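Open the model in your viewer and keep the sequence panel beside it. The stops below go from the whole chain to the sheet, and then to the metal sites.

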Amino acid sequence: MKELLARLCETFGPSGREEKVRELIKNEIEGHVDEVKIDVMGNLIAKKGKGGKKIMVAAHMDEIGVAVSHIDEKGFIRFGPVGGVFPTIPLGERVEFEGGAKGVVSIEKLYKEKDLALEKMFIDIGASSKEEAEKMVKIGEIGCFTRNAEDLGKRFVAKALDDRVGCLVLIEAIKRTRELPNEVYFVFTTQEEVGLRGARTSAFGVSPDLALAVDVTGTGDTPEGMKMAVELGKGAAIKVKDRGMIVDKRIKDKLIDVAEKNNIPYQLEVLEFGSTDGAVIQLTKEGVITGAISIPARYIHTPSEMCDMDDVEACVKLLCAFLEAEHTL
Ligand code: CO
Ligand code: ZN
């Protein structure tokens, strides 16, 4: 799993520019699903199984990034965020743009803490004039941070674990399950980081009876960290609530039941910030019974996000068992 996870994370795919990630996933799942399609918003929708309930499982392909907003006379790039880029993160980081240009992020003067704002930062792509820079990037070009994945044994570090590790969980579930007794739509969504946008249209198109979002969640186990019960290595997190949704009690209880029956380690998640694709899927049409399985992760929205492979395995097992179960909800 680690080898595929590294490839998924290292692939370029900021919001709205998910093509390369989609291609990789499509190649991985072909032959393991009954049907694959790509919708208008770029969501990759793979169908597997028949009978039972219509279940949508969503994981987003996009990652946070930057967009070129201005190029100055000396060829320095100003940028805006694509998704939740916290100003404490980009300094000294490397970025890569869709056209292939690479650069480093720095800031005006030697920064004082109060100056730490994206507006004060720029990207140096190695150009020495505006003309030169304009040959390398265009206004509006979108980029993302670059980092190699690192295998730390049980733990794994990479950029874009949010949410390529969720994509991995779906891919593994597709590969490990045989014929499914439910009509399952595995949806690899676009533009989650800028407002859960791909999930909105794909959920309308699929119109499921039940849905699960699979995404990362924060943990409370780092020094002076958040007061949060979720810890790395303690199993799959079954979401109870976050800022965008209260999980349907029936699906939360079903996930707990499935985990207990199959001896899958799990923990309950109450997330005080952020949300997932589940928030908009739940509000589709007349409403959809929606829950979420979360992969605990540290340092979310930095180029060095960390997860524990045992938790990933637990999430895969929980998802497989849920999809293989009979649902009477
Ligand atoms: Co995110
Ligand atoms: Zn995410």
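How many helices and strands does the secondary structure of the chain come to? It comes to eight helices and 17 strands, where helices (H or I, at least four residues) and strands (E, at least two) are DSSP runs numbered from the N terminus. This is a predicted model, in which local features need pLDDT of at least 70 and side-chain atom pairs count only at pLDDT 80 or more, while totals for chains, interfaces and linings use all residues. Residues are numbered from 1 along each chain as its sequence is written, chains are lettered from A and ligands numbered from 1 in the order in which they are written, and side-chain values use heavy atoms, leaving out hydrogens and water.

**Whole chain**

Show the C-alpha trace first. Along its principal axes the trace spans about 65 × 45 × 40 Å. Its radius of gyration, taken over C-alpha atoms, is 20 Å, close to the 20 Å that the globule rule gives for 329 residues, so the chain is as compact as a globular protein of that length; the rule is 2.2 Å times the number of residues to the power 0.38. Of the 329 residues, 57% count as buried, meaning under 20% relative accessible area with a 1.4 Å probe and protein chains only.

**The sheet**

Next, select the strands of the open eight-stranded sheet, ordered β1-β2-β12-β3-β13-β16-β14-β15 with mixed pairing. Two strands pair if DSSP finds at least two bridges between them. At the edges are β1 (35-38) and β15 (266-270), each pairing on one side only. From one strand to the next the twist averages 25 degrees.

Zoom in on β1 and β2 (residues 44-48), which run antiparallel and are joined by four bridges. Ile38 has Leu44 in β2 as its bridge partner.

Now add helix α2 (residues 19-29), which lies across β1, β2 and β12 (183-189) and runs at about 15 degrees to β2. Angles run from 0 to 180 degrees between N-to-C directions, with axes fitted to C-alpha atoms, for helices over the stretch in contact. Helix α5 (residues 197-206) also packs on the sheet and touches β2, β3 (54-60) and β12, its direction making about 160 degrees with that of β12. Contact means heavy atoms within 4.5 Å.

**Zinc, ligand 2**

Which residues coordinate the zinc ion (ligand 2)? Select His60 (NE2), Asp162 (OD) and Asp215 (OD), the last of which is listed twice, at 1.9 to 2.5 Å. Donors are N, O and S atoms within 2.8 Å of the metal (3.2 Å for Na, K and Ca); water is not among the atoms, so sites may look incomplete. The four donor atoms subtend angles of 53 to 147 degrees, which makes the arrangement irregular. Four donors count as tetrahedral if all angles lie between 85 and 135 degrees; four count as square planar and six as octahedral if opposite donors are over 155 degrees apart and all others between 65 and 115; anything else is irregular.

His60 counts as buried because its relative accessibility is 0%; Asp215, at 4%, counts as buried too.

**Cobalt, ligand 1**

Move to the cobalt ion (ligand 1), 3.4 Å from the zinc ion (ligand 2), with Asp162 coordinating both. The cobalt donors are Asp162 (OD), Glu193 (OE), listed twice, and His301 (NE2), at 1.9 to 2.5 Å. Here the four donor atoms subtend angles of 55 to 146 degrees, which makes the arrangement irregular. Glu193 lies in the loop between β12 and α5 and His301 in the loop between β16 (289-296) and β17 (305-308), so the pair ties together parts 108 residues apart in sequence. Glu193 and His301 are both buried.

Notes
Buried means under 20% relative accessible area, exposed over 50%, partly exposed in between (1.4 Å probe, protein chains only).
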